[in-house]
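Visitor: I have some bench time to spare and would like to go through this model with you. Can we start with empty space inside the protein?
Guide: Fine, here it is.

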Amino acid sequence: MSTHENNTPPARTLGMKWFLGIAIVSGLVMFGIAMLVMSIFTRKSESRNVYTRLVEVTEHTTDPVQWSKNWPRQYDAYMRTVDETHTRYGGSEGAIPESRIERDPWLRRMFLGYAFSVDFRDRRGHAFMLYDQTHSKRVTEMAQPGACLHCHASVVPTWRRVGLEAEGKTLADADGFDWPAVTKGFERMSTIPYGEAFAMMEKTPDGTPAGKGTEHQLGDAHPVSCVDCHDPETMSLRVTRPGFARGIRALAESADPVPHLPSVERWRQGKREKPYDPNVDATRQEMRTFACAQCHVEYYCGPKTTLFFPWDRGLKVEQIEKTLENTTFPDGSAFVDFVHAETGAPIFKAQHPEFEMWSQGIHARSGVSCADCHMPYKREGATKVSDHWVRSPLLNISRSCQTCHPYPEDELLARVTAIQDRSHALMGRAGVAVDEMLSAIVEAKQAGATGAELQAALELQRKAQWRLDFVNAENSMGFHAPQEAARILGESIDYSRQAQLKAAEIEAWLKQGRGVKADGE
């Protein structure tokens, strides 16, 4: 027998090895399939069960820590708003941010006679909103009304409590959200001193569990929290601010076209049996803007009347101006935010009109909401959530911008930078124009001009400052509506130069011994 024949394994042995090999491979394949099926099942389960309600939260739960036990992903992201971030014209600092009135002296001069000439700083992340307000010199050194808490604190439960107590009731008597009680408390707290309103807020239970025998402890005051935007039962987005509810209703009842708000247009075309109600009539996509527009808007928040949104003629700068010009306070006096300390001109002060400016831009017309860019969707496992790390889209271009714009990040950033650089340069020129206008009016006063003689110049000053302030106070550096921002700044420069010329003419006329004024005035 040959060597080759002696080394050849029997056919039975070869068959056994093939069998074992196939069995092992089959087992591995089956194991892989089983693991895949389990993974798919787990992911589907995750997507179906977005959250597990471990604790009950109610209309009175302003403490976000309690909400975090049910919605940890959203809370973890929200807490990132304390992180230090930077963009070319924004971001958030870890420490108290830089003073804008030191960086741009024309701002201080423009606001002389108003609290913003004392302290005006760069903005920070949402988690800082109440801390920064309570530590601002505008609050610590000057008198402010309770209306200031409207957009810096989770104040709705306090409005509800105050409104109920005015009727001899308690929070236990609240009927769900209880709009009548909330509205009554909102009106009561708008005009009282800030410190008194803050103390009221601290006396309201915040939903934090306390010791035995008490339902809730008297909680700390919290910045705007989960309950301000979400229904605690369904987690649906909602409007909770009476100021916005009244403002959007007035806008709906106006004749101003708002093609970017389809539910308003539908309501206008309907029977109008009930007033427009965003919580009933708005689409979910609109609510992803309306929740933000409760605060990121222009409104009056002074001590002379209840906080209001001046939208009954529309959302453009001149429409809001017209509304304010035709507004009187309860005492019969004409509306004014402050009187300029140098010139004596009655001035309108813009707050932060992001919603109004966005409404004039291409993103609004394209159906893009605030949350689409500032709180874009993200995936955590199989769960799709809106990112509650509210921040500039420039810090998150891949999810904020590239979902619609399929271009490299560098190109998108360059586009935004070009828009913002141009807006910033034009704003600086408008600031110079305002500064030179103020100098001209002051020189005319020093030459002996009376208020009556300067009336036309002072009216132009108000128009110029209102427009510059509208763009300066809006936090996108022109990006939300580039052409609109440029138009407004152009008008500001024009009005400033008109006022400067009128003041110079009056000064020359006075120095000539009050002869015939220019233009036969």
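Visitor: Which residues line the largest cavity?
Guide: The lining of the largest cavity is made by Thr-62, Ser-154, Pro-157, Thr-158, Met-201, Thr-204, Pro-205, Asp-206, Asp-220, Ala-221 and His-222. This is a predicted model, in which local features need pLDDT of at least 70 and side-chain atom pairs count only at pLDDT 80 or more, while totals for chains, interfaces and linings use all residues. Residues are numbered from 1 along each chain as its sequence is written, and side-chain values use heavy atoms, with hydrogens and water left out.

Visitor: What counts as a cavity, and what as a pocket?
Guide: Both are found on a 1 Å grid over the protein atoms alone: in a cavity a 1.4 Å probe fits but cannot get out, whereas a pocket is an open set of points with protein on both sides within 12 Å along at least five of seven lines. Lining residues have an atom within 4 Å of a point.

Visitor: What volume does the largest cavity have?
Guide: About 60 Å³, where a volume is the space filled by probe spheres set on the points, and points are joined across faces, edges and corners. The whole structure has three cavities of 30 Å³ or more.

Visitor: How does that lining divide by residue type?
Guide: Into four nonpolar, five polar and two charged residues. Here Ala, Val, Leu, Ile, Met, Phe, Trp, Tyr, Cys and Pro count as nonpolar, Asp, Glu, Lys and Arg as charged, and the others, Gly among them, as polar.

Visitor: Now the pockets. What volume does the second largest one have?
Guide: The second largest pocket comes to about 480 Å³. Of its 25 lining residues, Tyr-89, Gly-90, Arg-103, Asp-122 and Met-477 are the closest to its centre. The lining holds six nonpolar, 10 polar and nine charged residues.

Visitor: Which helices and strands supply at least two residues of that lining?
Guide: Strand 1 (85-87), strand 2 (90-92), helix 5 (100-103), helix 21 and helix 22. Helices (H or I, at least four residues) and strands (E, at least two) are DSSP runs, numbered from the N terminus.

Visitor: Back to Arg-103. What does it form a salt bridge with?
Guide: With Glu-98, at 3.2 Å between the closest N and O atoms. A salt bridge is a side-chain nitrogen of Lys or Arg within 4 Å of a carboxyl oxygen of Asp or Glu. Arg-103 is partly exposed at 35% relative accessibility, and Glu-98 is partly exposed at 45%. Buried means under 20% relative accessible area, exposed over 50%, and partly exposed in between (1.4 Å probe, protein chains only).

Visitor: How many salt bridges are there?
Guide: The count is 41. One of them joins Glu-380 and Arg-73, with N and O 3.1 Å apart. Glu-380 is in strand 5 (residues 377-380) and Arg-73 in helix 4 (residues 72-79), so this pair ties together parts 307 residues apart in sequence.

Visitor: And what about Glu-325 and Arg-462?
Guide: Their side chains meet in a salt bridge at 2.9 Å, N to O. Glu-325 lies in helix 16 (residues 317-325) and Arg-462 in helix 22 (residues 455-473), 137 residues apart.

Visitor: Is Arg-462 buried or exposed?
Guide: Arg-462 is buried, at 10% relative accessibility, while Glu-325 is partly exposed at 32%. Both belong to a network of salt bridges that also includes Glu-318, Glu-321 and Arg-467.
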